[in-house]
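Let's take a friendly walk through a protein model together. Have a look at the fold first, and then read on for a guided tour.

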Amino acid sequence: DKHDGANTDANPNSETIEILQQMSEFYDRIRDQWRTLAYRKAIASLKKQSQRVIFQEDAVKLPFVGHRIAAKIEEIALTRGLRRLDNAKLDPHDQVLQMFMKIYGVGISQASQWVQQGYRTLKDLEKSAKLSTNQKIGIAHYDDLQLRIPRAEVEHHGAVVRDALRQMDPEFQVTVGGSYRRGALSSGDVDLIITRPGADARSLNISAIGTLVPKLESAGFLVAALAKTSKDTGSKWHGCSKLPTSDVWRRIDLLLVPWDEMGAALIYFTGNDIFNRSIRLLASKKGMRLNQRGLFKDVMRGPGRVKVTDGILLEGRNEKRIFEILGVPWRPPEHRIC
Ligand code: DCP
Ligand code: MG
Ligand code: MN
């Protein structure tokens, strides 16, 4: 039996093992005995680990794990969230689960809990489930929020926010990020990166969140507030917006970025998410660390590569310069699709 051994659910590597098992079964079906065996041995080896194995360099140290399978283990560990969603999409039994997971802010655990409690439709949820304010908004505007936003409309939402900010201070800069900046013809939401020359997180928070949001709410442009985080490092405001010419509610993210961090933030909020993972991985392989605030060197790591210190800032402001220091040829946003 290829599924032998202990219950993998309790294993920290169960999700990686599950995918490796599917691969070994695939090679078995195409009669590639050598690879089938290699995968089975690697799986057996991984099952004995009490720690989660993420990086190739750690995986390759395990008995019966060669370089190729070690690379696969890393790839699976780093991309598993996405794969899990892809797999769920393929499963026709999970229709209800999928529908629930498309409600704003609802993840797999909340959705499966509702399925288990017997709910099958959005109406069921509205009628009898205990819902948070955001879940209520997500359900009431469910259809709107599934729609793609045409490029021209994304631009229009950006212009409304830009005009409002420039009335407060002509120095504000608003960049439309996300899939729009990558050149997409339509987007899932509107991502606006907001900064001002010299501004720090605190001043942006006061002016942009404190003044802009109420102003756009009373103008009828911002129609729902969903999530807000204010940190020393920058703030985010997630909600919904609507053009005066339309009844359709759109998801909008206002991302407040200190001037000194604009380059790193542009990389992060331009994505795509897979590109971000791979450029961060590359930075870490070169002994650096890239996050949405900057590129750092001399990051101290403890056991299991856990970060101990932030290290020394190499570059935060300039997007192109970050590529240069990393030794990667400049990739225009349209080419950051992985
Ligand atoms: N991002 C990321 N990792 C995540 C979520 C987001 O790196 N888990 C970054 C990359 C994304 C950017 O933030 O490009 C904006 O996130 P969105 O969820 O808005 O994604 P996109 O704008 O890329 O696509 P969409 O058109 O679906 O909004
Ligand atoms: Mg987006
Ligand atoms: Mn977004």
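## A first look at the chain

Of the 338 residues of the protein chain, 30% count as buried; a residue is called buried if 20 or more other C-beta atoms lie within 10 Å of its own, exposed if 12 or fewer, and partly exposed in between, with C-beta atoms placed from the backbone. This is a predicted model, in which local features need a pLDDT of at least 70 and side-chain atom pairs count only at pLDDT 80 or more, while totals for chains, interfaces and linings use all residues. Residues are numbered from 1 along each chain as its sequence is written, and chains are lettered from A and ligands numbered from 1 in the order in which they are written.

The chain holds 15 helices and ten strands. These are DSSP runs numbered from the N terminus, with helices (H or I) of at least four residues and strands (E) of at least two. The C-alpha trace spans about 70 × 55 × 35 Å along its principal axes.

How confident is the predictor? The pLDDT (its confidence in each residue, from 0 to 100) averages 90 for the protein chain, and 93% of the residues score at least 70. Over residues 1-8, however, the pLDDT is below 50. The model scores ipTM 0.99 and pTM 0.74.

## Helix 13 and the core

Is helix 13 buried or exposed? Nine of its nine residues are buried, so helix 13 is largely enclosed by the rest of the structure. Among these buried residues are Met262, Ala265, Tyr268 and Thr270. Just after helix 13, Gly271 takes a positive phi of about 65°.

Helix 13 also gives seven residues to the largest nonpolar core, the most of any element. A nonpolar core is a set of buried Ala, Val, Leu, Ile, Met, Phe, Trp, Tyr and Cys residues joined through C-beta atoms within 7 Å. This core has 43 residues, and Leu192, Ile193, Ile194, Leu254, Leu255 and Ala265 touch the most other members. Apart from it lies another core, of 13 residues, including Leu20 and Tyr39.

Two residues are in contact if their C-beta atoms, placed from the backbone, lie within 7 Å. Not counting residues up to four places away in sequence, Ala265 touches Ile193, Val257 and Gln292.

## Around ligand 1

Which residues are closest to ligand 1? Of the 13 residues that surround it, the closest are Gly178, Ser179, Gly188, Gly271 and Asp273; here a residue is near a molecule if its C-beta atom, placed from the backbone, lies within 6 Å of it. Helix 11 (178-181), helix 13 (262-270) and helix 14 (273-285) each give two or more residues to this shell.

## Three residues compared

The table sets out three residues and their surroundings.

| Residue | Place | Exposure | Other C-beta atoms within 10 Å |
|---|---|---|---|
| Lys72 | helix 4 (residues 67-90) | partly exposed | 19 C-beta atoms |
| Ser109 | helix 6 (residues 108-116) | exposed | 8 C-beta atoms |
| Ile54 | loop between helix 2 (33-47) and helix 3 (56-59) | partly exposed | 17 C-beta atoms |

Lys72 is covered by the UniProt annotation "active site", from an unreviewed entry; such annotations may be inferred rather than shown by experiment. Leaving aside its neighbours within four places in sequence, Ile54 is in contact with Glu74, Ala77 and Leu78. Ile54 and Lys215 are 161 residues apart in sequence and 46 Å apart in space, C-alpha to C-alpha.

Methods
pLDDT = per-residue confidence, 0-100.
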